[in-house]
Amino acid sequence: MNMTEFSGHLYNDLIPFWMNLRDDENGGFFGFADENGLPDKKSPKGVILQSRILWFFSSAYMLRKDYEVLSCADHAYRFLRDFCLDHEYGGMFWSVNADGTPCEDMKHTYCQSFALYALSAYYRASGDAEALDLACSLYELIESKCRDSEGYLEAFGRDFSLCENDKLSENGVMADRTMNTLLHLLESYTELLEAEYFSDVEASVLEILKLFKTHVYDPQRKICKVFFDMDYNSIIDLESYGHDIEASWLISRACDVLKDRNIKDEMMPVITGLAEGALEHGIDEQDHAMNNECENGVVDSKKVWWVQAEAVTGFMNAYELTGDEDYLEASDMIWNYIRDNVVGEHGEWIENIYEDVSKTEGQALVHEWKCPYHNGRMCMEMYSRLKSSFQIINH
């Protein structure tokens, strides 16, 4: 495992694939592409997908100052600003049609979070003050309309009237609060702090970390509880291996960005506990990859693309924190699995790998949840971490 593997995959495979999905007629990027990477130019454009594409090109530009990459970020930004933002009620729509007119006009905290994440990264890449202003306005909107005194709520109508959380509820439950939304608020607020350090955002990050420590993390099982009622009672016995290892390193990242140097020590039992739990329970010893989840003691063994990506980064982070070689071996092993099984012939990743090969075939490479965020971020994180290690060794 070396840094050039990851930069090569990023620049030779992922970036060209997503550049080819640029919609120069209507703006943004096509919202769907089939198993051959061929876009449906009339498909709706999910705002989470458009936000993640903006984050991807912005972050890739910061890695290697390629102005063709920045041009794609500029293009994604203009579409998000001009078409995905509700100029009447505020906040981001869930989706728009191919031409940019509203499709699903409901509002979701998760969707606002990813737009904030993308805008913060774009500001860091471009220096465009308007993008930072938009990111700050979304932060203020989330804090004023998407929460109560106990934490964050989930789903709303266009006018921010509370509604059922069917977009982020799964496994047969309807959740009032979710670990998933809270985790991505943490990462988006962390990105905003990296763009510009605001004391109120810092306070929000500290509050979210406290929620993870007191309500989300289960220290006995070393997992994150996933779905909750309004009072943070867990409503399902579910272990999400990908979210656990992703939370481990995103919590670690948030602590590194905060000015309070003591917070990392306070959160370390959560950070290392989640990594330990994922290593012990999440890995399929036969396939040498991460299983998806475990519900009521029953393991779902399909290999989901984003779970593998987060495991590579998360286990590397755990190795850097602890020096435990088991984490490094796990990161390397799962990267080998990705390279051999998940990277498709068109450069983008296959969404799910099943034991039944016929189920693996024919999956779309792009849809509202299938994006360059997890795999692109893995490449950038691993390149940066391995480059730092190489520089330290050669000093």
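How much space lies in the largest cavity? About 70 Å³, in what is a predicted model, where local features need pLDDT of at least 70, side-chain atom pairs count only at pLDDT 80 or more, and totals for chains, interfaces and linings use all residues. Residues are numbered from 1 along each chain as its sequence is written, and side-chain values use heavy atoms, with hydrogens and water left out.

Now for the terms behind that volume. On a 1 Å grid over the protein atoms alone, a cavity is a set of points where a 1.4 Å probe fits but cannot get out, while a pocket is an open set with protein on both sides within 12 Å along at least five of seven lines; a lining residue has an atom within 4 Å of a point. Points are joined across faces, edges and corners, and a volume is the space filled by probe spheres set on them. The count comes to one cavity of 30 Å³ or more. Its lining includes Tyr 152, Glu 154, Arg 177 and Phe 228, and splits into six nonpolar, two polar and two charged residues (Ala, Val, Leu, Ile, Met, Phe, Trp, Tyr, Cys and Pro count as nonpolar, Asp, Glu, Lys and Arg as charged, the others, Gly among them, as polar). Helix α6 gives the largest share of this lining, three residues; helices (H or I, at least four residues) and strands (E, at least two) are DSSP runs numbered from the N terminus.

On to the pockets. The largest pocket holds about 680 Å³, and of its 27 lining residues, Glu 170, Asn 180, His 243, Trp 306 and Trp 369 sit closest to the centre. Two or more lining residues come from each of α6 (179-195), β12 (238-240), α8 (241-257) and α10 (305-322). By type, the lining has 10 nonpolar, eight polar and nine charged residues. The second largest pocket comes in at about 410 Å³; among its 18 lining residues, the closest to the centre are Trp 55, Ser 59, Arg 124, Arg 253 and Glu 381. Here α13 supplies the largest share, five residues, and the split is seven nonpolar, three polar and eight charged.

What about the packing? The largest nonpolar core (buried Ala, Val, Leu, Ile, Met, Phe, Trp, Tyr and Cys residues joined through side-chain atoms within 4.5 Å) takes in 141 residues, with Phe 57, Tyr 189, Ile 251, Phe 315 and Met 378 having the most contacts inside it. Helix α4 (residues 109-126) contributes the largest share, 12 residues. Contact here means heavy atoms within 4.5 Å, and, leaving out residues up to four places away in sequence, Phe 315 touches Ile 245, Leu 279, Met 290 and Tyr 327, among others.

Leu 183 belongs to α6 and, at 0% relative accessibility, counts as buried (under 20% relative accessible area, with exposed over 50% and partly exposed in between; 1.4 Å probe, protein chains only). Beyond four places in sequence, the contacts of Leu 183 include Phe 212, His 243 and Leu 250. His 75, in helix α3 (residues 67-84), is buried too, at 8%, and its contacts outside that sequence window include Arg 22, Asp 23 and Phe 29.

Finally, there is an open sheet of three strands, ordered β1-β2-β3 with antiparallel pairing; strands pair if DSSP finds at least two bridges between them. Both β1 (45-46) and β3 (102-104) stand at the edges with a single partner strand, so one side of each has no neighbour in the sheet. Two bridges join β2 (residues 95-96) to β3, and Ser 95 stands opposite Glu 104 in β3.
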